[in-house]
Amino acid sequence: MRHIGRAIHGFLVENKRLIINKTAIDMKELSKEEMSPLSSLEVWEDDVLARYPEPGPAKTKEEFRVYDSAEDNPVREFYRLNHKYQTYDNVLAKKANFLKFDKMEMPWWSAMEYLNTLVDDSDPDTSLDQLQHLLQTAEAIRADGHPDWFVLTGFIHDLGKVLCLFGEPQWNVVGDSFPVGCKFSDKIVYPEFFAANPDNNDKRFNTKYGVYTHQCGLDNVHMSWGHDEYLYHLTKNYLPEEALYMIRYHSFYSQHRENAYDHLLNAHDKEMFKWVDKFNPYDLYSKSPVPPVVAELKPYYEDLIAKYLPATVKL
Ligand SMILES: [Fe+2]
Ligand SMILES: [Fe+2]
């Protein structure tokens, strides 16, 4: 594992300039705080969980992170940056760079271990690592008797977070996803922060439909850049369409929870979003403090990978 980490680090140092030069925003201009406003990506996920708590008895305040004031809330700062910088041009630049898949190539299981080298400042005693979250999600799906491709989807759904290891700021990796190229919905969390997004003042992009047409279908819509869209492109030739919808739109909360973009979805999207809805509770509510035993589960997941995915993944 450490060996993989060293090799990867060397690769990134060599290629950092290449990656940075292909982006619309000059990453060199960003401070450490603008790159990583959150102590860990889990802080964003906990915030989503607080926003959409599990149905049933209400949780006590102590079970959620509480901040002294709005200004102290790192999630708020995270969304300020996300909403400011997620422009149409940012998305096109990220696609031009990352959809070349020319960064590295490795077996899928090694890629999952690579994702797990994403260590952050959070308390290691209380937080689950990426692999543990993925295994818990997948095991909850498996326990409910769903098809094996659904289980595999749970297992890999956050692999796109490797973008962080390629030097991407957190707001270009996680956060609620939303369409760019048209008016930002008020149903997206912290909508007021879109005032600082240049697209908000651009006539091409700031109308209800922007560059799109009525119910044109999400396949024709550019979503904000992040781990969902990236993994969709990594898997689109290998998994059933239902799985691809779960992967691509699992952070599109303003649609799957609030129906904010019904005017862009076509009838097929609406049908397929039933699967996104089916997946979401496993992502949000399967966290348990008991970590899964990776070594015991590995053979099952290696078999699943071999059944559906090619021997290696090109990142
Ligand atoms: Fe995710
Ligand atoms: Fe997740």
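Rings of Phe, Tyr and Trp (its six-membered ring) pair if their centres lie within 6.5 Å, and planes under 30 degrees apart count as stacked, over 60 as edge-to-face and the rest as tilted. The structure is a predicted model, where local features need pLDDT of at least 70, side-chain atom pairs count only at pLDDT 80 or more, and totals for chains, interfaces and linings use all residues. Residues are numbered from 1 along each chain as its sequence is written, chains are lettered from A and ligands numbered from 1 in the order in which they are written, and side-chain values use heavy atoms, with hydrogens and water left out.

**Exercise 1. Check the span of helix α4 against its number of residues.**

Step 1. Helices (H or I, at least four residues) and strands (E, at least two) are DSSP runs, numbered from the N terminus; α4 covers residues 74-85, which makes 12 residues.

Step 2. The expected span is 1.5 Å times one less than the number of residues, so α4 should span 16 Å.

Step 3. The end C-alpha atoms of α4 are 17 Å apart, which agrees.

Step 4. Now look at the start of α4, where a side-chain oxygen of N73 comes within 2.8 Å of the backbone nitrogen of V75. This fits the rule for a polar contact (a pair of N or O atoms within 3.5 Å; within protein, one must be able to donate a hydrogen and the other to accept it, and residues adjacent in sequence count only if both atoms are side-chain atoms).

**Exercise 2. Find the buried residues of α4 and what covers them.**

Step 1. Buried means under 20% relative accessible area, exposed over 50%, and partly exposed in between (1.4 Å probe, protein chains only).

Step 2. In α4, V75, F78, Y79, L81, N82, H83 and Y85 are buried.

Step 3. Their cover includes α2 (32-35), α3 (41-51) and α5 (88-98).

Step 4. An α-helix has 3.6 residues a turn, so residues three or four places apart point the same way.

**Exercise 3. Work out which parts of the chain two aromatic pairs tie together.**

Step 1. Searching the whole structure gives 28 aromatic pairs. One of them joins Y79 and Y190: their centres are 5.7 Å apart with 40° between the planes, a tilted pair.

Step 2. Y79 belongs to helix α4 and Y190 to the loop between α8 and α9, so this pair ties together parts that are 111 residues apart in sequence. Y79 is buried, at 0% relative accessible area.

Step 3. F101 and Y230 make a stacked pair, 6.4 Å centre to centre and 25° between the planes. Because F101 lies in the loop between α5 and β1 (105-107) and Y230 in helix α9, the pair ties together parts 129 residues apart in sequence.

Step 4. F101 is partly exposed at 21%, whereas Y230 is buried at 0%. Both belong to one aromatic cluster with F98, Y114, F166 and W225.

**Exercise 4. Place P191 in the fold.**

Step 1. P191 sits in the loop between α8 (148-156) and α9 (227-235), and is partly exposed, with a relative accessible area of 28%.

Step 2. P191 and H83 are 108 residues apart in sequence, yet their C-alpha atoms are 8.0 Å apart.

Step 3. Neighbours within four places in sequence aside, P191 is in contact (heavy atoms within 4.5 Å) with S185 and D186.
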